[in-house]
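Please find below a colleague's note on the model, set out as numbered points. The sequence and structure come first, and the comments follow.

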Amino acid sequence: MVSGIVSWGPDVLGPSFSASSFAVAGRGEHTSATLVRYEPGRGPATRGTVLYVHGWSDYFANPELARTVTAAGFRFYALDLHGYGRNLTDEVLASGHIPGLATDLREYWPDFQAAREVMMADGAAVDPRHLVVLAHSTGSLTMSLLLMEHPGQVAGLGLATPWIAPHGFPWIDRLVLAAAGLLPERFHDRRLPVRANTHYHRTLSSTRDGVWEVDPRWRPERSFPITPSLLTSTAQARERLLDLHADGRDVGAPVLVQTSKRSLLLPWWDERKHARDSVLDVKAIRRRSTVLHPAPKVISYDGAIHDVHRSATPIREQAFRDLQQWLGELDLG
């Protein structure tokens, strides 16, 4: 529960954006979440409220998405989960606690509940008939898990490249979990001696080949440290989705899935990665999308990168139009 008066202050995204941080049940020094609000000025009555959740080793940094959602008649908020983004102050980073660390993605359920309380206090409609969740990558996996375990919470779930399927073979997650079971628990939160490549960052950041301003503290070039907990918590979440689906469960609301048309998962740099998903297996994701809903709306984009909504201008503009159309088709009672 959020206690005390919720206050809003300036946000790093500049005018029309503000932010509010609040305490949540995290781990170590990671005990706060931050809600970002977009307010372009007084306008017509809104149809509902959209809450956006970022991916792993990331944070909300897409003003165009906020404007797109607002133009569709919705209030827009974005949530930086605990251990991520705006919550990573210099003091927290100096503590040495690994950002983005979770042994179970259900740890973020209190973040979602608290965000709803803050939005409600701000006058937003967050009842199940008017709240829509948008999410990206690992954030999409997290929200898919939470909303399938607690169905009927939202009016729609829009996912940009959701990490709902592993790379390669579907049995890989079971193998990861079996191997983790042989590892003493005290090692699960240790940094693995592997370094993620910088290819996605290269396609995204304005300091390299991309056009987006990316804070190096909140979206590191080589990502947050990789741990066994990252591998097991995400594998466990995907397996849980399959179990819930087998039990006849889904999110209880329309689902939109937007991905790149193709992946290119080579360990070395290739110029084609400017127009491919260089992080996840999009074919596997599209095949598994029916786990979330019997008839999800699935759209793929030729030339999109891992974050469809931060792809090249003509591609993201089409993705935004499709998102607006989907939002417009939702039955908000």
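1. Terms and provenance. Buried denotes a relative accessible area under 20%, exposed over 50%, and partly exposed anything in between, with a 1.4 Å probe and protein chains only. This is a predicted model, in which local features need pLDDT of at least 70, side-chain atom pairs count only at pLDDT 80 or more, and totals for chains, interfaces and linings use all residues. Residues are numbered from 1 along each chain as its sequence is written, and side-chain values use heavy atoms, with hydrogens and water left out. Helices (H or I, at least four residues) and strands (E, at least two) are DSSP runs numbered from the N terminus.

2. Helix α5 and Ala180. Ala180 belongs to helix α5 and counts as buried because its relative accessible area is 13%. Beyond residues up to four places away in sequence, Ala180 touches His188 and Thr232, where contact means heavy atoms within 4.5 Å. Ala180 and Thr232 lie 52 residues apart in sequence, yet their C-alpha atoms are 6.9 Å apart.

3. Helix α7. How does the span of helix α7 agree with expectation? The expected span is 1.5 Å times one less than the number of residues; for the 19 residues of α7 (residues 228–246) this should be 27 Å, and the end C-alpha atoms are indeed 27 Å apart. The buried residues of α7 include Thr232, the residue that Ala180 of α5 touches. Also among the buried residues are the charged-type names Arg238 and Glu239, together with Leu230, Leu241 and Leu244. The cover over the buried residues of α7 includes α4 (137–149), α5 and α8. Just after α7, Gly248 adopts a positive phi of about 85°.

4. Helix α8 and Ile285. Ile285 sits in helix α8 (residues 282–288) and is buried, since its relative accessible area is 0%. Leaving aside neighbours within four places in sequence, Ile285 is in contact with Thr161, Pro162, Ile164, Ala165, Val257, Thr259 and Leu280. The C-alpha atoms of Ile285 and His167 are separated by 9.1 Å, with these positions 118 residues apart along the chain numbering.

5. The loop before α8. Asp270 lies in the loop between β8 (255–260) and α8. Is Asp270 buried or exposed? Asp270 is buried, because its relative accessible area is 16%. The side chain of Asp270 reaches the backbone nitrogen of Arg272 at 2.8 Å.

6. Surface patch. Phe169, Trp171 and Leu175 make a nonpolar surface patch of about 340 Å². Phe169 is placed in the loop between β7 (156–160) and α5 (172–181) and counts as exposed because its relative accessibility is 53%.

7. Positive phi outside glycine. Ser57, in the loop between β4 (48–53) and α1 (63–71), has a phi near 55°, a positive value in a residue other than glycine. Ser57 is buried, with a relative accessible area of 0%. Ser223, in the loop between α6 (199–204) and α7, likewise has a positive phi, near 75°. At 15% relative accessibility, Ser223 also counts as buried.

8. Helix α9. Gly328 lies in helix α9 (residues 313–329) and is partly exposed, because its relative accessibility is 47%. The C-alpha atoms of Gly328 and Ala72 are separated by 6.9 Å, although the two residues are 256 residues apart along the chain.

Technical notes. Patches are made of residues with over 30% relative accessible area and no salt bridge: like charges are joined within 9 Å, nonpolar side chains (Val, Leu, Ile, Met, Phe, Trp, Tyr) within 5 Å. Accessible areas come from the Shrake-Rupley method with a 1.4 Å probe; for residues, only the protein chains shown count as cover. A salt bridge is a side-chain nitrogen of Lys or Arg within 4 Å of a carboxyl oxygen of Asp or Glu. A polar contact is a pair of N or O atoms within 3.5 Å; within protein, one must be able to donate a hydrogen and the other to accept it, and residues adjacent in sequence count only if both atoms are side-chain atoms.
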